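Subject: Structure handover and notes

Dear colleague,

I am passing on the structure we spoke about, together with my notes on what was found in it. Please read the notes with the structure open beside them.

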Amino acid sequence: MIFNPGKMNPFPEFASIGFRGRYIYFKLDDGRKITIPISSFPKLDHATLKERENFHTNGVHVFWDDIDEIIGVKNILGPGTTKY
C-alpha cells in the first residue's frame, strides 16, 4: 500500500494529448508542453493512426488498450519531478 495523505498526486496531470506528424504532444495541467518523437515508443510507432488516437487517461497515465501501451507523467518527466 502506498502512503498518500489526502490522496494528493505528486505529479502534474495530462491536460491533453495529441499527435502531429511523427511526434506526440503532451500538455500538462501545470502549463508544461512536452514533445516526444513517436519513435521513442515502439508500440505507438508501429500503431495505425486509429490505434494511436484510441486512448484514455486517468490523469497521470495514458492508456492505449488496443496496443497494450501505457505512458505515465513520471515516464516523460523523469523521476523526482513533482508539482509540489
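Two strands are taken to pair if DSSP finds at least two bridges between them, and the strands themselves are DSSP runs of at least two residues, numbered from the N terminus. Please keep in mind throughout that this is a predicted model.

With that definition in hand, I begin with the hairpins. E5 and E6 pair in the antiparallel sense over four bridges, and in the hairpin that they make, with four residues between the strands, Asp68 takes a positive phi near 55 degrees. Within this pairing, Phe63 has Ile70 of E6 as its bridge partner. On the other side, strand E4 (residues 56-57) is joined to E5 by two bridges, and these strands too run antiparallel. The bridge partner of Thr57 in E5 is Val62, while that of His56 is Phe63. E4 and E5 also form a hairpin, here with three residues between them, and Gly59 in the turn has a positive phi of about 105 degrees. Taken together, the three strands form an open sheet in the order E4-E5-E6, with antiparallel pairing; E4 and E6 are the edge strands, each of them pairing on one side only.

Asp68 comes up again among the charged pairs, of which the count is three salt bridges. The side chain of Asp68 meets that of Lys43 in a salt bridge, at 3.7 Å from N to O. Because Lys43 lies in helix H1 and Asp68 in the loop between strand E5 (61-64) and strand E6 (69-72), this pair ties together parts that are 25 residues apart in sequence. Lys43 is partly exposed, at a relative accessible area of 39%, whereas Asp68, at 59%, counts as exposed.

A second salt bridge joins Asp45 to Arg22, where the closest N and O atoms are 2.1 Å apart. This pair likewise links distant parts of the chain, since Asp45 is in helix H1 (residues 42-45) and Arg22 is in the loop between strand E1 (14-20) and strand E2 (23-28), 23 residues away. Both partners count as partly exposed, Asp45 at 22% relative accessibility and Arg22 at 44%. The remaining salt bridge is between the side chains of Arg32 and Asp30, at 2.6 Å from N to O; Arg32 is partly exposed at 30% relative accessibility, and so is Asp30 at 35%.

Why does Arg52, which is buried, have no salt bridge? The nearest side chain of opposite charge, Asp45, is 4.4 Å away, and because a salt bridge requires the nitrogen and the carboxyl oxygen to be within 4 Å, the pair is not counted. Arg52 is found in helix H2 (residues 49-53), and, setting aside residues up to four places away in sequence, it touches Phe19, Arg22, Ile38, Leu44, Asp45, Ala47 and Trp64. Arg22 and Asp45, the partners in the salt bridge at 2.1 Å, are thus both among the contacts of Arg52.

Turning to the nonpolar side chains, the largest nonpolar core has 20 residues, and those with the most contacts inside it are Phe14, Ile24, Phe26, Leu44 and Ile76. The elements that give two or more residues to this core are E1, E2, strand E3 (33-37), E5 and helix H3 (73-77). Beyond its neighbours within four places in sequence, Phe14 is in contact with a number of residues, including Phe26, Thr57, Gly59, Val62, Ile71 and Ile76.

Two aromatic pairs are found in a search of the whole structure. In one of them, the rings of Phe14 and Phe26 have their centres 5.3 Å apart and their planes at 40 degrees, so the pair is tilted; it links strand E1 with strand E2, the residues being 12 apart. Phe14 is buried at a relative accessible area of 8%, and Phe26 is buried at 1%. The pair of Phe55 and Trp64 is also tilted, with ring centres 5.7 Å apart and planes at 50 degrees. Here Phe55 is partly exposed, at 27%, while Trp64 is buried, at 1%.

With best wishes

Definitions and conventions. Residues numbered from 1 in each chain as written. Predicted model: local features only at pLDDT ≥ 70, side-chain atom pairs only at ≥ 80, totals over all residues. Heavy atoms only, no water. Buried < 20%, exposed > 50% of the residue type's maximum accessible area, 1.4 Å probe, protein only. Lys, Arg positive; Asp, Glu negative; His and termini not counted. Contact = heavy atoms within 4.5 Å. Core = buried A, V, L, I, M, F, W, Y, C linked by side-chain atoms within 4.5 Å. Phe/Tyr/Trp six-rings, centres within 6.5 Å; stacked < 30°, edge-to-face > 60°.
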